[in-house]
Structures are given as structure tokens and as C-alpha cells.
Amino acid sequence: MWSCTSDTSTRARTGPSRRCFAWATGSLRSSTRRIPLPRSTCSTSSCCAARTERRRGCRRASTGRSRTSPTTSSREHQRPDRRFLGAPAQKRYPLHCTTTERTTMFASPTRSRRKRGRLALAGAILVTAATALTACASGSSASTGGSTTKADSGIKGTIRVSAETDQPFLQDAADAFEKKYPGTTVTLVESPSNTYQTTVRAQLAAGHAPDVMFVWGGSGNAMASQLLGQAGLLEDLSDRPWAKSIGPTANGLVSYGGKLYALNTYENPTGVYYNTALMDKLGQKVPTTFPQLLSWCKAVAAKGVTPIALGNQTGYLDTEVPLELANTIAYSKDPDFAKQVTASDFNWTNSTEWKSALTQALKEYMQMNDAKCFEPNSTGYSDQQANSLVATEKAVGVDIIASAIPSVQADNPKLKYDMFEIPATSKASDTYLTANTGAAYGVNKASTNKKTAIAFVDFMAQSDNLTKAAKANFGLPYTATKDTPVTSDMKGISDLYHAGKTALWQTNFWPNANVKQTMIAQDQNLILGKADINAVVDAIQQSFAGK
């Protein structure tokens, strides 16, 4: 239904006004949203509604900005994106219909040209939105620039690209693609990280999923590329010109049955992101061996400061330190361990090398806990609460995936940071940098504009675009060269990266999603003293077999 309500939230800039709202409940989410309409249409309930298409833009009545805090989410480990820890709420602006600009209602206040659809609204609201959109002033936004060739013929029309909310660079890539291919339109369809998987899987089942989809590597969740490829839902991209340049490990994560189903764009380092000034103030240096790490933790804790903040209440984070430790333990003994875990016949349950590394890692995890490396009751802290300990200088650092760096910086922009990887042995040269897969994109096999969808993925795979995507998401290209830059606030892990001493999260290769959930629950039991190490290891190993 449609209704009007008074709103004085913009009184300082525009004075009191009346704004229209459409109330609708989406069938894919159990929430009700109100959709602001232009002041001029309060009586007619027309013009801009839930989503503004390319050809019917809207102009904001206010350009004021407000900073909002991200919500806590249960985002899966593979994600790669800037707001790994949650999707920030978007400020609503009253809009006016125009025929020239190309923004959407729920555009980020920091950008003036956003073409974002919202998957959350389904059912009746789609009909309402379509009706309202047709009432907008007609017009077109013809692209300029670029040139076409014979090979480009057929690259035209509109494609929808799905992603988790607030993906840096993706909008820029869409704009650049439209400029290169006049007559194309790229509409970004975003969902919060905690609903993205269920939303897009529901759309796939209903036959109206986006043309290009953000996916994960491996088979560990509902939108994992190997599961989607096995189900026949993704287009085979094995013959694309970029396929051989990405690298076998990165490609292996998004392949099934010898076919490549997605473009893996970059990786995000994992480690302790720390306040350099506080480290110096405490008279401490970065530990490079495990014995040094324990001594460092005790020295820092003795001064009333938490060495490493952990948001163990936020699911995946209580597995992060043990998996970093396990990677160094495994790869320091066998640098080719990645070849084992990517082999089709690898059995996690029966692997003595993996089980030994996991067991040792959990022992060291508990030693770190006993040395007061973490805040007391770390299972009671969310990711954001752990970040705030660093921002208020109650903790030296926080163990995170680099994609979460913006969230840490936002809490206290004045601080200077660096990153180091947690050592796991008595030799500094043994340490490996654990990294998480970044954004991966696959093409919907049922896309009605497949040629343009594939062209967009090809465009994203260009080397300059891969570099831009990595930089925007605090990531790094999968293959390092001596000239590959590492940002100043991650220079502490630069040597490991350039030496090729990186190892992807083991979770990327796990055979089912249950393993991750089992490890989350068991690690929490371990840190709370409700289970011993052998029981935890046995439970995790059994979960590989689906038990």
C-alpha cells in the first residue's frame, strides 16, 4: 500500500517536507520496507519506486552524508569483499524523477552514480515497482565513448550483476564497461552478506537469477562455484583468454569436473592488524617465532593491554587463528601441501598430515589463550567489539582478514597500522601467510544475455582491472611479481607475499559446509573449557565425512 508521512529529518537543509513511502513485504526476507517516493507524487504514488532502472534516473534532494555502523553478520569465510563483517545501512534520500541522471534510491551517500537493484523485495513489490517506474518521465541515457568491432557485435543490452552489499570497484568496472561497449547497461543487484546466498539461490530456483553472480570458491556453502557448476547452473568459462593466467590453485577453487566456472579476482591476507604507535609505546617488537609470540603476549598483557583482540562471538572468527597456525605447520613441512588438498582424491578425514597440523595448531591456540594473548571472554565479543578495543587502544591489534581493514580504520582514522602473520614454529623462516579468496564471478548458464555477461567477466579479468579490484578491497593479486605493490598498512606481510609463501584458507577446499560450522562450535567449546583438544579434532575430522 502507499502512504504519506511527515519527515523533518532533513529540516536543517531543506526544511520540513512530506515524503511518500510504499510499504511492502518481500517474499525472500521476513522484513517490511518502506520505499520513499518523490514529494511531488504523494497523491499519485507514481514515479520512482523500489528500484530505478538505467533509463529512468532519480536525483537526490539532499547530498548530506551520515556514517552508519555495519551490522554483524554470519558471512562465510570465502568472501572476499570490503564489508566482510557486515553490510552498512544506507541512508534514504527523498528523490526527484529526471531523465538525465542514473542513480538508484538506495545509493550510497558517498557516490553520486549508483545503479543498484535490491533483491530483498519480491512478490507484490515487484509489480508495484514496475508500475511506478513506467510513470517516470521517459528518456534514455545513451552511453558515449568506446568503439565497436565485429567481435563486439552482440555485446549489448542490459545485464544484472549480483554481489554482496558495498563492493568496492564493482561500480567503477560497470561504468567502464558501459563506456567501452555503448548500448550496454550493467545493473548491480546487491544483498546484505547474511542474506545473499539464500536470496540468489532462491532466484536460481525460480529461473530469474542475475546474469553474472558473485560466487565463492570450493563447495563450502550454497553459492560455492563447485556446487553450482556441478548442478549445471554456471556457464563453462574454460576457453576464456584469461583462464590460464590466474593460476592453478585459484582456478582449482572454482572448477569442477575439469571445467572452469568463475573468475577468481584476488586474495585477502589474514593476520594481526595492529596499532604501530601503541606497539612502540609499549616498547615491543613484532614476534617472528612462536616462543617470541608467547613472551610478547605476556609482556603486553602485563601492562593492562590486550595483545590480540578476537571477535570470537562472530562465528568464523574463532576458527581464524587456529587455521593460520595450521597452515604454517603444514606448509613448513610440505611446501606442496596445496597440491594435495586440491587433488580430486584427497581425503581430509584420512590425512595424517592435516590431522597432525590441526592438532598442533589447537594446542598452540590454547597456549596463546593461557598466555593472555586474547581478551578475557573472547567468545563474548563480536567482530565490531573486538575492533573497538583497537580503536580505543585497549588492544594492540586484532586478527582479521584484510577485507575488514576499512571497518577497523573507520573506528579511529587517526591511528597508523601494519600487519603481521602469527608465527607457529620456533623458526621465523617457517611462517606462511594465510590468505582468503577474494571476489569470484560466474555467469548464469540460463542468462538471456549471455554474450554480454561473459564479456563483462572478461573485462573484469583484464590485468589492470584485477589490480584495481585487489587494491580497492585491500587484497593482492594471486601471483606476485617484484613490482606488485603492497599498501603501507600491510607492509609487514610484504616479504612473505613476494616470496610466494602464501597459503589459502583450508576452508576453501573443504568438501561440505558442515565442517565449517562444526569447527566454529568446537573451537568455542575449546576456548570455554567445555571440550578437550582430542575431542575437538575428532569432531572436525568426522564432519568431513558428513557425520
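A residue counts as buried when its relative accessible area is under 20%. Keep that cut-off in your pocket, and try it out on Ala 386, which has a relative accessible area of 1% and is therefore buried. One thing to know before we go on: the model you are looking at is predicted.

Let's stay with Ala 386 for a moment. You'll find it in helix H12. Which residues does Ala 386 touch, if you skip those up to four places away in sequence? They are Ala 309, Leu 310, Gly 311, Tyr 381 and Val 398. Gly 311 deserves a second look: it sits 75 residues from Ala 386 along the chain, yet the C-alpha atoms of these two are separated by 5.1 Å.

Now zoom out to the whole protein chain. It has 547 residues, and 58% of them count as buried. If you go looking for regular pieces, there are 18 helices and 19 strands. Take the contacts between residues at least 6 apart in sequence: 74% of them join residues at least 24 apart. As for the outside, the accessible surface of the chain comes to about 21,800 Å², and carbon and sulfur atoms account for 50% of that.

Next, let's see how helices sit against each other. Two packed helices are described by the angle between their axes and the distance between the axes. Start with helix H9 (residues 317–333) and helix H17 (residues 513–527), whose axes come within 8 Å and cross at roughly 90°. Angles of 65 to 115 degrees count as roughly perpendicular, so that is how H9 and H17 lie to each other. On the H9 side, Asp 318, Thr 319, Pro 322 and Leu 323 make the contact, while H17 brings Lys 516, Met 519, Ile 520, Asp 523 and Gln 524. Sort these residues by character and you get four nonpolar, two polar and three charged.

Helix H8 (residues 290–301) and helix H11 (residues 352–370) give you another pair to look at. Their axes are 9 Å apart, and the packing angle is about 25°. Anything under 35 degrees counts as roughly parallel, so H8 and H11 are roughly parallel to each other. Here H8 supplies Phe 290, Leu 293 and Leu 294, and H11 supplies Glu 364, Gln 367 and Met 368. This contact splits into four nonpolar residues, one polar and one charged.

Time for some charged partners. How many salt bridges does a search of the whole structure find? The count is five. In one of them, the side chains of Glu 235 and Lys 445 meet, with 3.9 Å from N to O. Glu 235 lies in the loop between helix H5 (225–230) and helix H6 (248–253), and Lys 445 lies in the loop between strand S18 (440–443) and helix H14 (450–460), so this pair ties together parts that are 210 residues apart in sequence. Are the two partners buried or exposed? Glu 235 has 15% relative accessibility and counts as buried, whereas Lys 445, at 41%, is partly exposed.

Arg 240 is worth finding too. It forms a salt bridge with Asp 239, where the closest N and O atoms are 3.9 Å apart. Asp 239 is exposed, with a relative accessible area of 60%, and Arg 240 is partly exposed at 24%. Arg 240 also forms a salt bridge with Asp 458, and there the closest N and O atoms are 2.4 Å apart. That second pair links distant parts of the chain: Asp 458 belongs to helix H14, Arg 240 to the loop between H5 and H6, and they are 218 residues apart. Asp 458 counts as buried, at 16% relative accessibility. Elsewhere, salt bridges that share partners join Glu 235, Lys 445 and Lys 450 into one network.

Finally, have a look at the backbone in a couple of loops. Phe 169 is not a glycine, but it has a positive phi of about 75°. Its place is in the loop between strand S7 (157–164) and helix H3 (170–180), and at 9% relative accessibility Phe 169 counts as buried. Lys 372 is not a glycine either, and it has a positive phi of about 65°. Look for Lys 372 in the loop between H11 and helix H12 (383–391). With 55% relative accessibility, Lys 372 counts as exposed. That brings us back to H12, the helix where we found Ala 386.

Key. Residues are numbered from 1 along each chain as its sequence is written. This is a predicted model: local features need pLDDT of at least 70, side-chain atom pairs count only at pLDDT 80 or more; totals for chains, interfaces and linings use all residues. Side-chain values use heavy atoms; hydrogens and water are left out. Helices (H or I, at least four residues) and strands (E, at least two) are DSSP runs, numbered from the N terminus. Buried means under 20% relative accessible area, exposed over 50%, partly exposed in between (1.4 Å probe, protein chains only). Contact means heavy atoms within 4.5 Å. Accessible areas come from the Shrake-Rupley method with a 1.4 Å probe; for residues, only the protein chains shown count as cover. A salt bridge is a side-chain nitrogen of Lys or Arg within 4 Å of a carboxyl oxygen of Asp or Glu. Axes are lines fitted to C-alpha atoms, for helices over the stretch in contact, and angles run from 0 to 180 degrees between N-to-C directions. Angles under 35 degrees count as roughly parallel, over 145 as roughly antiparallel, 65 to 115 as roughly perpendicular and the rest as oblique. Ala, Val, Leu, Ile, Met, Phe, Trp, Tyr, Cys and Pro count as nonpolar, Asp, Glu, Lys and Arg as charged, and the others, Gly among them, as polar.
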